[in-house]
Amino acid sequence: MKHLCYFLGLLMFMLSACHQPSPISIYQVEPLIKVLSTDSVFIDQPDTMWVARGENAAFQFVVTSEQALANLQATIRAKGLGNSKIGWVHQVYNTNVPKGADDLITTSDNYYPDPIVDDDTECIEPGKSMTLWVDVDVPRTTEAGIYKCQLTVQGENESGISEIRKNFFVKVCPVTLPEEQQLKVVNWYSRSDVKYLDEKKNVEIGSERYLQLLQLIAETGASYGQNCWLIQEKPELKLNADSTDFVLDFIYFDKAMEMFVKHGNLKFFCNSHLGGRGDGKEWNQGHYFNLAYVKDKKIVQEYVPHTDVRLKTFIGKYYSQLESHFREKKWLDMCAQHIADEPDKMGTESQQSWSRIAAWVKEAAPGLKTIDASSEIVDNQDISVVLLGENISSMPAVPEGSERWMYTCTGPQGNYANRFVQLPLIKTRILHWINFKYNECGYLHWGFNYWQFSKDPLHDVTPSTNWPGGDCYIIYPGKEKVYPSIRLCAMREGIRDYDLLCMVQQVDPQKANAWCNSIVLGPDDYNMDIKHFYQVRREILTFLSKQ
């Protein structure tokens, strides 16, 4: 009897221990809210995410613990849906503040959430928190309906392993996004910064190792809506048979192009710039351009002002070969040629030099479109890429056969939408609502992976220049891998929003405009209410579900 009582007591103790509440708590938080390292009070906001087939359902959860936890891990169960990605949102340091924004996010410690790191186990100190980002793929073949998913988080403490589960829900609407997105999206990649993905940072540009790492960047861009690439790789100049002139060798260029087609979802590409700024030149002065010629059976290359009379001959030889090769590879219709970045306002030497060289390029290669970011529409430009600003609402109609895109960079600042780490995340997402409102079918940003401007790219986004933090890159370097960011996620969601607006426009243009105008009130005036934003999206999906 004594032994039986002892056994029953031990069993009751074990059962009691098993049913003790977990020290871990999980809070669902709207994914458009930036959770700061200084935040300490959280409210659970369970919400079913409405999506179309072909989208991703993004969720954000805050994990807290009363006890210290090590080896914190999380898993997702999303039966009936596609692959799920899960990562911890890390905080990055920034002290370069954008100017003039009324809704700027500031913290006492200068840390802001951004990179999504998916290969680390985490630890939590008592009373502290970690943020989880969950990304659920919804294939185009998914049946419409509400799907119950489950998040499991577990960690180790002094007593053993603690675990907690939380359910969340995805509503898949009977709406299917098109196979190919409508918006052209390009972020420029930095060739020299590909080396950051290598542990020793010793990677020769153009090598097999370089292309292997560049592929990781291409795959990341493709999975988050990038379908256009600025091809920084150039054809090689070689002597012809009798060493009297140069010819273009496309062997390496084609290899890089084929990699982007296969891994980068390349549907459109921009050929790299022919010229740029001369040393010490003011922004409104004339551009300088690359020049090559043969002298004493050697290829000589120079960087010369636009007034150099030899440029027209070089351009004629170079671009006639380029157009012929692109036509042969069936790339000509999906290509545009950069001349020189950001020609300034009409009437300046900067704009005149751009237009002059562009005319020579079009003469040598009439099938090649021209493109560049500019503050205004300039002559001989087939694709105008205009900076988001006040004049974007008064731009003239796009001529037939031409396109107009939008770009952001270090500017605009103030209350304009952009991608800086200190701006509310909704401002990054609605960039592509702005695309729709002002009839701009493409978006360009210069900084995909320009990690060179940071001392510690994974932890400190403060640029070595006076640019706002987050302007130089929107992806982060890992060891032979690339980490996305919550800003990149917001961009992807905005790209899908653009598709949905285009689908509504095909049925009822007035409704599409009304919904867009309820979010984007003007070039720098937006309805920032997150609940209103999601309500508009639900109304769009409900409308499309009935078509």
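## The largest cavity

Seventeen residues, given here as 17, line the largest cavity, and those lying nearest its centre are P31, A58, R429, E493 and Y534. The elements that contribute two or more residues to this lining are strand 2 (49–53), strand 3 (56–65), helix 6 (425–429), helix 8 (486–507) and helix 10 (530–545). Helix 8 gives the largest share, with 4 residues. The model in which this cavity is found is a predicted one.

The space in the largest cavity comes to about 120 Å³. Sorted by class, its lining consists of 12 nonpolar residues, 1 polar residue and 4 charged residues.

## The second largest cavity

The second largest cavity holds about 60 Å³ of space, and its lining is made up of D47, T48, M49, W50, Y534, R537 and R538. At least two of the lining residues come from strand 2, and at least two from helix 10, with helix 10 providing the largest share, 3 residues. By class, this lining divides into 3 nonpolar, 1 polar and 3 charged residues.

## Cavities in the structure and shared elements

In total, the structure contains 4 cavities of 30 Å³ or more. Strand 2 and helix 10 are among the elements giving two or more residues to the lining of the largest cavity, and each of them also supplies at least two residues to the lining of the second largest. Y534 belongs to both descriptions, being one of the residues nearest the centre of the largest cavity and one of those that line the second largest.

Notes: Residues are numbered from 1 along each chain as its sequence is written. This is a predicted model: local features need pLDDT of at least 70, side-chain atom pairs count only at pLDDT 80 or more; totals for chains, interfaces and linings use all residues. Side-chain values use heavy atoms; hydrogens and water are left out. On a 1 Å grid over the protein atoms alone, a cavity is a set of points where a 1.4 Å probe fits but cannot get out, and a pocket is an open set with protein on both sides within 12 Å along at least five of seven lines; lining residues have an atom within 4 Å of a point. Grid points are joined across faces, edges and corners, and a volume is the space filled by probe spheres set on the points. Ala, Val, Leu, Ile, Met, Phe, Trp, Tyr, Cys and Pro count as nonpolar, Asp, Glu, Lys and Arg as charged, and the others, Gly among them, as polar.
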